[in-house]
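Hi,

Here is the structure I said I'd pass on. Have a look at it first, and my notes on what turned up are underneath.

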Amino acid sequence: MSGLGEVVQRLAARDGVRGVLLLSGDGLPIEHSAAGTFEPETVAALAATLAQYAGQLGAGASLGELSTGVLEFDGGLLLVARVGTGDWLAILAAPEADVGPLLFDLRQHRPALVALL
């Protein structure tokens with residue numbers, strides 16, 4: 001798990017990132033790191049629920065499974081990215097964060113993240 005923890009910490013250290021949480025599809029926190037404060041258990045449970053409903057939306061719209069989602073809130077951004085068959089990364093970012101490079105890196109390095117699970 002140390003390799004996985006290291007990846008989570010490196011993601012959390014990126015400019016504009018406030019916190020990173022690896023969660024199970026059941027909504028349980030696996031690993032997290034944060035520059036600020038957030039409730040990992042709450043975020044994990046609700047992010048898993050969001051991913052499940054987004055998956056149903058994708059199926060209903062004939063778009064397939066959700067790989068990555070970005071939600072914009074008044075206080076910041078939430079990225080949800082599938083890692084493997086059932087686990088997810090939830091990344092909290094500042095409102096002014098440039099998440100484009102992060103999204104690119106997640107897409108490019110998703111197989112390496114899966115290998116760490």
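The lining of the second largest pocket splits by class into 6 nonpolar, 2 polar and 4 charged residues. One thing to keep in mind throughout is that this is a predicted model. That pocket has a volume of about 240 Å³. If you want to click through its lining, pick out G3, E6, V7, R10, L11 and R14, then D105, L106, H109, A112, L113 and L116. Two helices, α1 (2–12) and α3 (100–116), each supply at least two of these residues. Of the elements involved, α3 gives the most, with 6 residues.

Now for the other pocket I looked at. The largest one holds about 300 Å³ of space. It is lined by 19 residues, and the closest to its centre are V43, F73, L77, L78 and L92. Which elements give two or more residues to this lining? They are one helix, α2 (40–60), along with the strands β1 (17–23), β3 (68–73), β4 (76–83) and β5 (87–93). The top contributor to the lining of the largest pocket is α2, with 5 residues. By class, the lining here comes to 12 nonpolar, 6 polar and 1 charged residues, so you can set that beside the 6 nonpolar, 2 polar and 4 charged residues of the second largest pocket.

As for the overall fold, the protein has 3 helices and 5 strands. Reading from the N terminus, the order of elements is α-β-β-α-β-β-β-α. The radius of gyration is 13 Å, close to the 13 Å that the globule rule gives for 117 residues, so the protein is as compact as a globular protein of that length. The C-alpha trace spans about 35 × 35 × 25 Å along its principal axes.

A few whole-chain numbers to finish. Buried residues account for 38% of the 117 in the protein. Taking contacts between residues at least 6 apart in sequence, 43% join residues at least 24 apart. The accessible surface is about 6800 Å², and carbon and sulfur atoms make up 55% of that.

Shout if you'd like to go over any of this together.

Cheers

Note on methods: Residues numbered from 1 in each chain as written. Predicted model: local features only at pLDDT ≥ 70, side-chain atom pairs only at ≥ 80, totals over all residues. Heavy atoms only, no water. 1 Å grid on protein atoms, 1.4 Å probe; cavity = no way out; pocket = protein on both sides within 12 Å on 5 of 7 lines; lining within 4 Å. Points joined across faces, edges and corners; volume = space filled by probe spheres on them. Helix = DSSP H or I, 4+ residues; strand = E, 2+ residues; numbered from the N terminus. Nonpolar A, V, L, I, M, F, W, Y, C, P; charged D, E, K, R; others polar. Rg over C-alpha atoms; globule rule 2.2 N^0.38 Å. Buried < 20%, exposed > 50% of the residue type's maximum accessible area, 1.4 Å probe, protein only. Contact = heavy atoms within 4.5 Å. Areas by Shrake-Rupley, 256 points an atom, 1.4 Å probe, with all protein chains shown as cover.
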